Amino acid sequence: MKTIAVLTSGGDAPGMNAAVRAVVRTACENGMKVYGVIRGYNGLINGDFVEMDLRSVSDIINRGGTILYSARSAEFATEEGMQKAIDQCHKWGIEGVVVIGGDGSFRGARDLSERGIPCVGVPGTIDNDIACCDYTIGYDTCLNTIMDMVDRIRDTSESHDRCSIVEVMGRRAGYLALNAGIACGATSILIPEVPFDIEKHVIERMKKTQKTDKKHFIIIVAEGCGIDLEKLTKEIQEKTGVESRYTILGHVQRGGYATVKDRVMATRMGNYAVKLLMNNIGNRVVAAQKEEVVDYDIFEALNMTKSIDMDLYNVAHEVSI
Ligand code: ATP
């Protein structure tokens with residue numbers, strides 16, 4: 001391949017810029033032409049392309065968000081939208097595309113590959129919910145941001161003998177909640193993968209620790225549990241007698257400077273993705289498995305399942321009392 005494109009799609013994640021930089025620099029260094037696609041699959045449909053060079057990606061390795069912007073494109077999921085994107089690729093001579101995003105974006109990449117535009121997916125999502133990957137770009141930064149935010153909440157929670165209930169992101173997955181909960185010493189961690197009972201998993205645990213003179217508490221709740229936080233907060237306050245407050249961390253979790261791990265892994269994965277395309281290999285997903293960068297067939301990757309680490313979950317519950 002001589003001409004490729006790179007796009008970011010779905011929810012933005014810190015480290016996406018480091019991946020874009022690695023794709024552009026690897027392509028340029030290997031004599032390829034590389035286009036940046038603006039606003040994900042919408043940009044592909046509309047031919048919103050910018051030719052990139054070594055300097056177009058200067059000073060972005062640290063930055064959160066994505067210089068290419070991101071989008072969720074309903075049109076791309078239609079046959080007409082897909083055809084428009086393919087026509088644009090042919091018009092601009094684009095022979096392969098690096099898609100940085102989550103599993104929804106990979107479904108789009110699979111469909112494009114099936115229609116003759118080879119794509120390579122790079123996992124960029126804070127949720128770490130891509131089955132074939134131990135880790136996704138942005139997850140580490142997000143975890144550290146949550147930890148920092150909850151540490152601040154803890155200061156005030158401790159000063160006022162309060163219970164602080166903190167909702168963290170993770171629409172379908174509890175990886176962020178579980179690991180942040182451990183790192184923040186949460187008394188209870190509620191995640192969608194493990195059935196929970198508020199009485200047993202929150203109230204009883206708090207009462208047990210109250211007997212050992214504990215007076216302030218952190219409860220971490222994954223967004224995907226669909227819990228009514230106001231109701232939960234009231235219930236905790238009524239049943240334990242501890243003044244309770246809830247905080248939804250929200251979009252603060254998405255932004256910020258990427259951590260070392262996210263920058264290094266994004267760089268390795270972006271580089272790996274271009275090497276695949278250079279060898280005319282498409283329809284692949286780049287993945288991290290035990291610190292190694294590997295690749296899978298997209299179809300196979302999308303059919304994999306990933307479960308929560310129950311040993312880790314049990315450690316959390318044994319230690320945070
Ligand atoms: P995140 O996990 O961070 O939300 P994501 O990549 O899973 O990221 P989605 O909104 O699910 O985010 O998908 C991004 C885009 O990928 C969609 O807006 C759509 O254009 C495309 N896409 C998603 N699913 C499909 C599909 N089944 N077929 C074709 N394209 C799809």
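**Figure 1. The four-stranded open sheet of the predicted model.** In this predicted model, four strands are arranged in the order 7-8-6-9 as an open sheet with parallel pairing. Strand 7 (188-190) and strand 9 (244-248) are the edge strands, and each of them pairs on one side only. On average, neighbouring strands of this sheet are turned by 15° against each other, direction ignored.

**Figure 2. Pairing of strand 6 with strand 9.** Strand 6 (residues 163-168) runs parallel to strand 9, and five bridges join the two. One of the residue pairs is formed by isoleucine 165 and its bridge partner in strand 9, tyrosine 246. In general, the strands of a sheet pair through backbone hydrogen bonds, in either a parallel or an antiparallel manner.

**Figure 3. The seven-stranded open sheet.** Seven strands make up this open sheet, in the order 3-2-1-4-5-10-11, and their pairing is mixed. Strand 3 (49-52) and strand 11 stand at the edges with a single partner strand each, so one side of each is left without a neighbour in the sheet. From one strand to the next, the twist averages 25°.

**Figure 4. Parallel pairing of strand 1 with strand 4.** Strand 1 (residues 3-8) and strand 4 (residues 96-101) are paired in the parallel sense over five bridges. Within this pairing, leucine 7 has valine 99 of strand 4 as its bridge partner.

**Figure 5. Strand 10 and its two partners, strand 5 and strand 11.** Strand 5 (residues 119-123) and strand 10 (residues 284-289) run parallel and are joined by two bridges. Strand 10 also pairs with strand 11 (residues 292-297), here in the antiparallel sense and over six bridges. Arginine 284 takes part in both pairings: this residue of strand 10 is the bridge partner of valine 120, and arginine 284 also stands opposite aspartate 297 in strand 11.

**Figure 6. The hairpin of strand 10 and strand 11.** Which residue in the turn of this hairpin has a positive phi? Two residues lie between strand 10 and strand 11, and lysine 290 in the turn has a positive phi of about 45°. The two strands of the hairpin pair in the antiparallel sense.

**Figure 7. A negative surface patch.** Four residues, Asp151, Asp155, Glu158 and Asp161, form a negative patch on the surface. Among them, aspartate 155 belongs to helix 5, which comprises residues 139-159.

Terms used
Residues are numbered from 1 along each chain as its sequence is written. This is a predicted model: local features need pLDDT of at least 70, side-chain atom pairs count only at pLDDT 80 or more; totals for chains, interfaces and linings use all residues. Side-chain values use heavy atoms; hydrogens and water are left out. Patches are made of residues with over 30% relative accessible area and no salt bridge: like charges are joined within 9 Å, nonpolar side chains (Val, Leu, Ile, Met, Phe, Trp, Tyr) within 5 Å. Accessible areas come from the Shrake-Rupley method with a 1.4 Å probe; for residues, only the protein chains shown count as cover. A salt bridge is a side-chain nitrogen of Lys or Arg within 4 Å of a carboxyl oxygen of Asp or Glu. Lys and Arg count as positive and Asp and Glu as negative; His and the chain ends are not counted. The place of a charge is taken as NZ of Lys, CZ of Arg, CG of Asp or CD of Glu. Two strands pair if DSSP finds at least two bridges between them. Axes are lines fitted to C-alpha atoms, for helices over the stretch in contact, and angles run from 0 to 180 degrees between N-to-C directions.
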